[in-house]
Amino acid sequence: MEDIMLPVVILGILFIGFPWVIFHYITKWKTAASLTTADENLLDELHDLARRLDDRMGTIERIVQDENPNWRQLGSDAVETALEDRSDRILEASRSNRPFRRD
């Protein structure tokens, strides 16, 4: 009896058990991987928000560029030189329309 049951159990596991487990997890994976309509709407809103913020940053950069063409150089100064008070030199450079130079 044991000689017959062992091959039946092995064949049952091989042809019924393993495919059932595999198809079960494939089905779970397919249902979990899809985006819901709420998720798609949220992604669309976030994309629009990011695009509007990028447009605003571009506008701010254009305004600052018009007011002070050297603003990028001033913002990228090293920490040691950024701590000193250079407001007089910046004001003088902006009045004379010449570029601001570091000493």
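Buried residues account for 5% of the 103 residues in this protein, which is described here from a predicted model. The protein exposes about 9500 Å², and carbon and sulfur atoms supply 62% of that area.

The secondary structure consists of five helices and zero strands. Read along the sequence, the elements follow the pattern α-α-α-α-α. Two of these helices carry the side-chain features described below: helix α1 covers residues 2-33, and helix α2 covers residues 37-67.

In helix α1, the residue of interest is T27. A polar atom of the T27 side chain lies 2.8 Å from the backbone oxygen of F23. T27 counts as partly exposed, because its relative accessibility of 49% falls between the limits of 20% and 50%.

Helix α2 contains both R51 and D55. These residues form a salt bridge, in which the closest N and O atoms are 3.7 Å apart. The structure holds one salt bridge, so the pair R51 and D55 is that bridge. Side chains of opposite charge can pair when their charged atoms come close. In the sequence, R51 and D55 are four residues apart, and they are therefore separated by about one helical turn of helix α2. Each partner is partly exposed: R51 has a relative accessible area of 43%, and D55 has a relative accessibility of 43%.

Negative charge also gathers on the surface. The patch is made up of D39, E40, D44, E45 and D48. One of its members, E45, lies in helix α2. E45 is exposed, because its relative accessible area of 54% is over the 50% limit.

The accessibility values for the individual residues discussed above are collected here.

| Residue | Relative accessible area | Class |
|---|---|---|
| T27 | 49% | partly exposed |
| E45 | 54% | exposed |
| R51 | 43% | partly exposed |
| D55 | 43% | partly exposed |

Taken by element, helix α1 holds T27, whose side chain has a polar atom 2.8 Å from the backbone oxygen of F23. Helix α2 holds E45, a member of the negative surface patch, as well as the salt-bridge partners R51 and D55.

Conventions:
Residues are numbered from 1 along each chain as its sequence is written. This is a predicted model: local features need pLDDT of at least 70, side-chain atom pairs count only at pLDDT 80 or more; totals for chains, interfaces and linings use all residues. Side-chain values use heavy atoms; hydrogens and water are left out. Patches are made of residues with over 30% relative accessible area and no salt bridge: like charges are joined within 9 Å, nonpolar side chains (Val, Leu, Ile, Met, Phe, Trp, Tyr) within 5 Å. Accessible areas come from the Shrake-Rupley method with a 1.4 Å probe; for residues, only the protein chains shown count as cover. A salt bridge is a side-chain nitrogen of Lys or Arg within 4 Å of a carboxyl oxygen of Asp or Glu. Lys and Arg count as positive and Asp and Glu as negative; His and the chain ends are not counted. The place of a charge is taken as NZ of Lys, CZ of Arg, CG of Asp or CD of Glu. Helices (H or I, at least four residues) and strands (E, at least two) are DSSP runs, numbered from the N terminus. Buried means under 20% relative accessible area, exposed over 50%, partly exposed in between (1.4 Å probe, protein chains only). A polar contact is a pair of N or O atoms within 3.5 Å; within protein, one must be able to donate a hydrogen and the other to accept it, and residues adjacent in sequence count only if both atoms are side-chain atoms.
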